[in-house]
Amino acid sequence: TSRALGPLGLISLGSDSISGFDAWSAGRMQGARYESGLDNSPMYDCKSKDQQDHCDFWDAASGTMQLVDTGMSSMAANEAYALAELAEAIGRQADASALRAQGDAYAAAIREHLWDKERAIYANLVLTNSTLSKRISPTSFYPLMLGSADEEDDARAAAMIAQWLTNASRFCIGNRTDECHWGLPSISADDDSYTALGYWRGFVWGP
């Protein structure tokens, strides 16, 4: 099943129900969390205490989160660019052009719709209410893999580094504290879900 969802065509995590495959998480919110590789990340917490079938941004009909994922979308764009280079190397120019166009479309949508101007960071987009998620993890830096398109991108990168990456209360690279000991915790250290030894919620299990 395609993970490109909604009018932006960016990536939303999901879980498919497949005949003959009976894992308890298949076709459920937890299966979509597993697809992320960050299976206990606060990014995918629900408002409901039942974090499975009654998640506020889980759509059981499509088997996808109603959440545009910044990290996954950035990796999809980067993958398209890498495949375009490989296609060119073997003389498949038409495929290379199509792949590069797909990468450009992803990158443009990420830059336009996932940038939180007030907080100076890229964030996941909650489709159920068209708001940017308050949860910030290292995947918010993944759009930097796409390089810089203009001076605005340069300014965004500088702001992310100053306000988030090297901030002692957030990701503390080069600015270590007792609370943010190792640098690049799996959720921003100022998030209320952060616990020092939490699984995908603290300074261990970094991406």
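**Close-ups of two disulfides and a nonpolar core**

**View 1. The link of C46 and C55 is left-handed, with -100° about the S-S bond.** This is a predicted model, and here we look at the disulfide that joins C46 to C55. The S to S distance of this pair is 2.1 Å. Look at how each partner is placed: C46 is buried, at a relative accessible area of 11%, and C55 is buried too, at 5%. Both values count as buried because the cut-off is under 20% relative accessible area.

**View 2. A disulfide joins C172 to C180.** The sulfur atoms of C172 and C180 are 2.1 Å apart. An angle of -75° about the S-S bond makes this link left-handed. C172 is buried, with 2% relative accessible area, and C180 is buried with a relative accessibility of 0%.

**View 3. Two disulfides turn up in a search of the whole structure.** Step back and follow the chain from one bonded cysteine to the next: the pairing pattern is 1-2, 3-4. In residue terms, C46 is joined to C55, and C172 is joined to C180.

**View 4. The largest nonpolar core holds 44 residues.** Good places to start looking are L10, M29, Y44, F57, M65 and L114, the residues with the most contacts inside this core. Helices and strands alike contribute: the elements giving two or more residues are β2 (10-11), α1 (29-36), β5 (67-68), α2 (70-89), α3 (93-113), β7 (121-122), β8 (125-126) and α4 (151-165). As background, nonpolar side chains tend to be buried together in soluble globular proteins.

Methods: Residues numbered from 1 in each chain as written. Predicted model: local features only at pLDDT ≥ 70, side-chain atom pairs only at ≥ 80, totals over all residues. Heavy atoms only, no water. Core = buried A, V, L, I, M, F, W, Y, C linked by side-chain atoms within 4.5 Å. Buried < 20%, exposed > 50% of the residue type's maximum accessible area, 1.4 Å probe, protein only. Helix = DSSP H or I, 4+ residues; strand = E, 2+ residues; numbered from the N terminus. Disulfide = S-S within 2.5 Å.
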